There are 2 protein chains.
Amino acid sequence: MKKLPGKTVERLSEYRRVLLTLISQGKNYIYSHELASLLHITAVQVRRDLMLIGYSSGIRKGYDIRVLVETIGRVIDSETPLNVAIIGMGNLGRAVSSYFRGKRSKLNLVASFDNDQQKTGKVISGVRCYDVREMENMIKELNISIIILTVPPDYARSTCDDAVRFGVKGVLNFTTVSLNVPPTVYLEEYDMVTSIEKVAYFVKESIR
Amino acid sequence: MKKLPGKTVERLSEYRRVLLTLISQGKNYIYSHELASLLHITAVQVRRDLMLIGYSSGIRKGYDIRVLVETIGRVIDSETPLNVAIIGMGNLGRAVSSYFRGKRSKLNLVASFDNDQQKTGKVISGVRCYDVREMENMIKELNISIIILTVPPDYARSTCDDAVRFGVKGVLNFTTVSLNVPPTVYLEEYDMVTSIEKVAYFVKESIR
DNA sequence: TAAACACTGTTATTTTATTAACAATATTTA
DNA sequence: TAAATATTGTTAATAAAATAACAGTGTTTA
C-alpha cells in the first residue's frame, strides 16, 4: 500500500482509540457520521480515510467495529512488534509510561533510561529503568527502534544523537529543544507550550 | 488584524521559543533561512508567516531577534494576561506545570485542582493545588479562562463540562477521551498515543 | 413487494497550506 | 564607488487537505 499522509495516520489512530472504547461499551456497529462526530470531523473525512486504506463495509448499517479496528491495525501497525523506550523518567516520562504501557499490542515499551541513581535499576511506572550509560547496550540488546525523549532541555540534543547512533529509527521529542536527525530517522516533535499558546490565542480572539 | 490560521499561530509560538533561546546565547540577528532550518521548515514559510503578521525588517542582514520576539508577542499574546489552571495533578499535570510555569508573561498559571487530599492545600510543582470541589469558586474568583485537563479518563467529560459551565473559554485536553464543548469555547486535544503510533507507522514504512 | 429512505464509496470541487519565482534593495566586495 | 551578491517581501504556482455532490445500493416502511 502507498504510504499514507501523516494526517490520515493520526486520524486512523484516533478512530481506533474511540472504537476500542465503544467495543468495551458493547457497541458493534457504527455509522461514518457517528464516528465523525465523536472526533469533531465530518463523515466524508471518515469515509475518505477508510477508502484510502481500502476498507469497505459492503453493508449500509454502519461499519463492523471489530473488523474496522482490525483493518486499521493491519495498516498502521507493524507486523512484527516494535520496541520502544522512554528516555528521562521525570514526571513527563512517567506520565507517558502510564498512558501508553500495554495499550498497543504491536508497540512494546521495553525500557526506560535515567541518570538518577535513585531510579536506575528499579521498575518505575511499570517499566524497568536503566542508567543512561547503558543506552548503547540496551538499545542493541532489546532491539529498540523508537525512543520517547522526555529529558531536561540541556540533555536533549546529545541524548538524541546518541540514540540515533545506536540504531534508533524513530524519535518522539517532548523536550523544548528542536532536534536534528538524519533523513533515515523519523522525528516527531511536540511542544505543549505551543499548544497552550494556541489555545490562548483563540481564546483571546474570541473574547475580543 | 484578521484571525491567523492555527498553523501559523503554532509556528509563531515555535519561532519565539527558539528566538528566546538564541537571545540567551547572545545572538542578535537571524536570517529567515537560519530560523527555518532550526525548525525544519523553509525560509519562505518563515517570511510568509512574518508577512501575515505585518512584520518587516527593512534591512538585509536578518531580523532583529528582540524586535521579532516582541512583534510575535503583540500578535499572539493577549494584551491583558490570561489565567490558566491545570486540572489533575498526576504525573502529567505536574510535568505540564514545570514545563510551563513562568515561561510566558501573558499566561499565568494561577491554580491547580485535584481530588486527592494528599495534594489539596499544598503547593505542587510551584502551583497551589485546590480541591476539585472548589473549582467553581476559584475559576470565578481567579478569573481562570483556560484549563489544561490532565485527569484520569473517567473524570474527563464531567470535569470539562463543569469548567465550561463555570466560565472557562479554552480547554487543552490531554486525556484519552474526546470532549465536547459549546462553539464559544476553544478546544485543543492532544493524544500522545497517537503521536507514538504515527512515529511507529513511519518507522515501519521506512524499514520495510 | 414497491417505494422511500439512508448510508456508503468515489469523483469533482473548493479551500487551505506550502513552495517556487522573482523584483527590489541593502550589503559586501573588488 | 561600481559591480556582485545575498536577502527580503510578495505574487504566482503547486500541492495537499477538506468538503461537496452524487450515483449506487442495502435497508426500512407502507
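Reader: What makes the pair formed by A:Ser56 and a phosphate oxygen of DNA strand C a polar contact?

Author: In this predicted model, an N or O atom in the side chain of A:Ser56 is 2.7 Å from a phosphate oxygen of DNA strand C. A polar contact is a pair of N or O atoms within 3.5 Å (within protein, one must also be able to donate a hydrogen and the other to accept it, and residues adjacent in sequence count only if both atoms are side-chain atoms), so the pair at 2.7 Å qualifies. Local features need pLDDT of at least 70, and side-chain atom pairs count only at pLDDT 80 or more, whereas totals for chains, interfaces and linings use all residues. Side-chain values use heavy atoms, with hydrogens and water left out, residues are numbered from 1 along each chain, and chains are lettered from A in the order in which they are written.

Reader: Which base atom of DNA strand C does the side chain of B:Arg48 approach?

Author: An N or O atom in the side chain of B:Arg48 is 3.1 Å from a base oxygen of DNA strand C.

Reader: Why are A:Ser32 and B:Arg11 called near DNA strand C?

Author: A residue is near a strand if one of its heavy atoms lies within 4 Å of it. A:Ser32 and B:Arg11 are among those that come nearest of the 23 residues around DNA strand C, and a polar side-chain atom of A:Ser32 lies 2.5 Å from a phosphate oxygen of that strand, so A:Ser32 meets the definition.

Reader: What is the corresponding value for B:Ser56 and DNA strand D?

Author: An N or O atom in the side chain of B:Ser56 is 2.7 Å from a phosphate oxygen of DNA strand D.
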